[in-house]
Amino acid sequence: MAIRQIRLKDDPILRKKSREVEVIDDRIRQIVEDMFETMYENEGIGLACVQVGILKRIVVIDMRDDDGKIVLINPKIIDQSEEKQIDMEGCLSIPNERGYVERPKSVTVEYTDLDGNTQTKTVTDYKAHCFCHELDHLDGVLYTDKVLNLTKEEIEKLENEK
Ligand code: NI
């Protein structure tokens, strides 16, 4: 296992589209292990493969909840709620910054697991935010592209609703 260097926001690789994983072999399993190790070291809840400089469609997530460690290979959103939610996001590639982003309240993702099986998973609330954020990375999109310019009053209202 190895902690890999996280690519930071001005690195052009973060703007590239990641490629599908064709075969899940030892190399892919090693990358996934390294991604988890790198994410935990940096106290993140999600990490996309491109953030460690490899253009593969792999995401790891661990929100320290009952789901535990989640590995999404070639994930795609196959359904999403019309209802939206606004919440605060950060990104390990953009340290010390945060911003409010609007995302669907709920998304259903189809993906391949580490054993090569196709799975679907529906997530809601902040976990839906996290999934959308990480999947965006695979297409070269950063949350800062979507960040809302809220007034102080709007932010207060949002925080009071929680
Ligand atoms: Ni991120």
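In this predicted model, glutamate 43 counts as exposed, because its relative accessibility is 69% and the cut-off for exposed is over 50%. Glutamate 43 sits in the loop that links helix H1 (26-41) to strand S1 (46-48). Its phi is near 55°, a positive value in a residue other than glycine. Most residues other than glycine have a negative phi.

Asparagine 74 also has a positive phi, near 50°. Its setting is a strand, S3. Asparagine 74 is buried, because its relative accessibility of 13% falls under the 20% limit. A polar atom of the asparagine 74 side chain lies 2.8 Å from the backbone nitrogen of valine 21. Leaving out residues up to four places away in sequence, asparagine 74 touches Glu20, Val21, Arg57, Glu110 and Tyr111.

The overall fold was examined next. The protein chain holds three helices and seven strands. Read from the N terminus, the order of elements is α-β-β-β-β-β-β-β-α-α. The C-alpha atoms fill a box of roughly 50 × 30 × 25 Å along the principal axes. The radius of gyration is 16 Å. A compact globule of 162 residues would have a value near 15 Å, so the two agree. Buried residues make up 45% of the 162 residues. Contacts with a separation of 6 or more were also examined: 66% of them join residues 24 or more positions apart. The protein chain exposes about 9,000 Å². Carbon and sulfur atoms supply 43% of that area.

In soluble globular proteins, nonpolar side chains tend to be buried together. The largest nonpolar core in this model has 20 residues. Val50, Val59, Ile61, Leu72, Val107, Val109 and Phe131 touch the most other members. Four elements give two or more residues each to this core: strand S2 (58-61), strand S3 (70-80), strand S6 (106-112) and helix H2 (125-137). The largest share, five residues, comes from H2. Another core lies apart from this one. It has 16 residues, including Ile6, Val21, Ile28 and Ile31. Val21 is thus a member of this other core, and its backbone nitrogen is the atom that lies 2.8 Å from the asparagine 74 side chain.

Valine 59 shows what a member of the largest core touches. Residues up to four places away in sequence are again set aside. Valine 59 then touches Met35, Leu47, Ala48, Ile70, Val71, Leu72, Glu134, Leu135 and Leu138. Leu72 is itself among the core residues that touch the most other members.

The model also contains a nickel ion. Three residues coordinate the nickel ion: Cys91 through SG, His133 through NE2 and His137 through NE2. The distances run from 2.1 to 2.2 Å. Along the chain, the donors follow the spacing C-x41-H-x3-H. Cysteine 91 belongs to strand S4 (residues 84-91), and histidine 137 belongs to helix H2. The pair therefore ties together parts that are 46 residues apart in sequence. Cysteine 91 counts as buried, because its relative accessibility is 11% and the limit is 20%. Histidine 137 is buried too, with a relative accessible area of 1%. Helix H2 thus holds histidine 137 and also gives five residues to the largest core.

Two leucines were examined in the loop between H2 and helix H3 (152-161). Leucine 148 lies in this loop, and so does leucine 150. Leucine 148 is partly exposed, with a relative accessible area of 30%. Leucine 150 also counts as partly exposed, at 24% relative accessibility. Partly exposed covers the range between the buried limit of 20% and the exposed limit of 50%.

The contacts of these leucines were listed without neighbours up to four places away in sequence. Leucine 148 touches Ile86, Tyr100, Val101 and Glu102. Leucine 150 is in contact with Ile86, Tyr100, Ile155 and Leu158. Ile86 and Tyr100 thus appear in both lists.

Distances from this loop to two other residues were also computed. Leucine 148 and isoleucine 73 are 75 residues apart in sequence, and their C-alpha atoms are 29 Å apart in space. Leucine 150 and tyrosine 40 are 110 residues apart along the chain. Their C-alpha atoms are separated by 31 Å.

Note on methods. Residues numbered from 1 in each chain as written. Predicted model: local features only at pLDDT ≥ 70, side-chain atom pairs only at ≥ 80, totals over all residues. Heavy atoms only, no water. Core = buried A, V, L, I, M, F, W, Y, C linked by side-chain atoms within 4.5 Å. Buried < 20%, exposed > 50% of the residue type's maximum accessible area, 1.4 Å probe, protein only. Contact = heavy atoms within 4.5 Å. Polar contact = N/O pair within 3.5 Å; in protein donor to acceptor, adjacent residues only side chain to side chain. Donors = N, O, S within 2.8 Å, 3.2 Å for Na, K, Ca; no water. Rg over C-alpha atoms; globule rule 2.2 N^0.38 Å. Areas by Shrake-Rupley, 256 points an atom, 1.4 Å probe, with all protein chains shown as cover.
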